[in-house]
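Here is a friendly walk through one protein chain, written for someone who would rather think at the bench than scroll through coordinates. Have the viewer open as you read.

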Amino acid sequence: MPQIVTGPNRAALVADGIYSTAAAEMIERARQRCLASIFIADLLEQTQRGLGDIVDALANASWRGVDTRVILGGSRENFQIAATAVDAEAILRSEGVAVRWLLATPQRGSHAKFLVCDELSLLGSHNWSPGSFSGAQVQDSVLIDSAGMAGILQEKFEEQWRRADRGNRV
């Protein structure tokens, strides 16, 4: 994996074939926080393409006492995307993961796709869906080892979490 090093911060490109492994490993290593904001989470086929590894890692992190929360973005215009968010919410809740659906409120949703685990951030174009990991679509994300970047993304996450709370099924 190519890396860019600038002072104490490091970055690496995470392409389709390694995204699910990188995400699951980040979650497994988390000791304090594991926060994910994902536009599409199609978890019904989680046994395919590493989605199950991510769900298992989230469940394990929550069980270990890590602050583990997921925000689902979804779509108000595309019923299929909205339906996958409802299914993903049910799956994550059944695994003990705190989850909110941003489109449960009448406000604009989120197209964000990021994961923050302690001081590591993974952000880019990957949804949590079989197509995103299979190479059928070309996706790229960046893994950043930076407390500053993790802090910025946590602030964004917390703002989304509060917004999703209004009228949500929590």
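The report below goes from the whole chain to a few individual residues.

**The chain as a whole**

Please keep in mind that this is a predicted model. The mean pLDDT of the chain is 83, and 82% of the residues reach at least 70. Confidence varies along the chain: strand 1 (residues 3–6) has the lowest mean pLDDT among the elements, at 55, while strand 3 (residues 33–38) has the highest, at 96.

How many helices and strands does the chain have? There are five helices and eight strands. Read from the N terminus, their order is β-β-α-β-α-β-α-β-β-β-α-β-α.

The chain has 170 residues, and 52% of them count as buried. Its accessible surface is about 8,200 Å², with 53% of that belonging to carbon and sulfur atoms. If you take the contacts between residues at least 6 apart in sequence, 77% of them join residues at least 24 apart.

**Helix 1**

Helix 1 covers residues 16–29, which makes 14 residues. At 1.5 Å a residue the helix should span 20 Å, and its end C-alpha atoms are 21 Å apart, so the two values agree. Its buried residues are D16, Y19, S20, A22, A23, A24, M26 and I27.

**An aromatic pair in helix 5**

Searching the whole structure turns up one aromatic pair. Its members are F157 and W161, whose ring centres lie 5.7 Å apart with the planes at 20°; because planes under 30 degrees apart count as stacked, this pair is stacked. Both residues belong to helix 5 (residues 147–165), where they are four residues apart, so about one helical turn separates them.

Are these two residues buried or exposed? F157 is buried, with a relative accessible area of 0%. W161 also counts as buried, at 10% relative accessibility. W161 has a charged neighbour too: R69 lies over the face of its ring, at 5.0 Å from the ring centre.

**Three more buried residues**

The next residues sit in a strand or in loops, and the table gives their places.

| Residue | Place | Relative accessible area |
|---|---|---|
| G74 | loop between strand 4 (67–72) and helix 3 (79–94) | 4% |
| K113 | strand 6 | 11% |
| D118 | loop between strand 6 (113–117) and strand 7 (120–124) | 17% |

Which residues does G74 touch, leaving aside its neighbours within four places in sequence? Its contacts are F39, I81, W101 and L103. G74 can also be placed relative to V86: they are 12 residues apart in sequence, and their C-alpha atoms are 8.9 Å apart in space.

K113 is a lysine that counts as buried, because its relative accessible area of 11% is under the 20% cut-off. Beyond its neighbours within four places in sequence, K113 is in contact with S37, I38, F39, L122, L123, G124, S125, H126 and N127. F39 therefore appears in the contact lists of both G74 and K113.

D118 is worth a look for its backbone. Most residues other than glycine have a negative phi. The phi of D118, however, is near 55°, a positive value in a residue other than glycine. D118 counts as buried, at 17% relative accessibility, and its place is the loop between strand 6 and strand 7.

Conventions
Residues numbered from 1 in each chain as written. Predicted model: local features only at pLDDT ≥ 70, side-chain atom pairs only at ≥ 80, totals over all residues. Heavy atoms only, no water. Phe/Tyr/Trp six-rings, centres within 6.5 Å; stacked < 30°, edge-to-face > 60°. Helix = DSSP H or I, 4+ residues; strand = E, 2+ residues; numbered from the N terminus. Buried < 20%, exposed > 50% of the residue type's maximum accessible area, 1.4 Å probe, protein only. Lys NZ or Arg CZ within 6 Å of the ring centre and 35° of its normal. Contact = heavy atoms within 4.5 Å. Areas by Shrake-Rupley, 256 points an atom, 1.4 Å probe, with all protein chains shown as cover. Expected span 1.5 Å × (residues − 1). pLDDT = per-residue confidence, 0-100.
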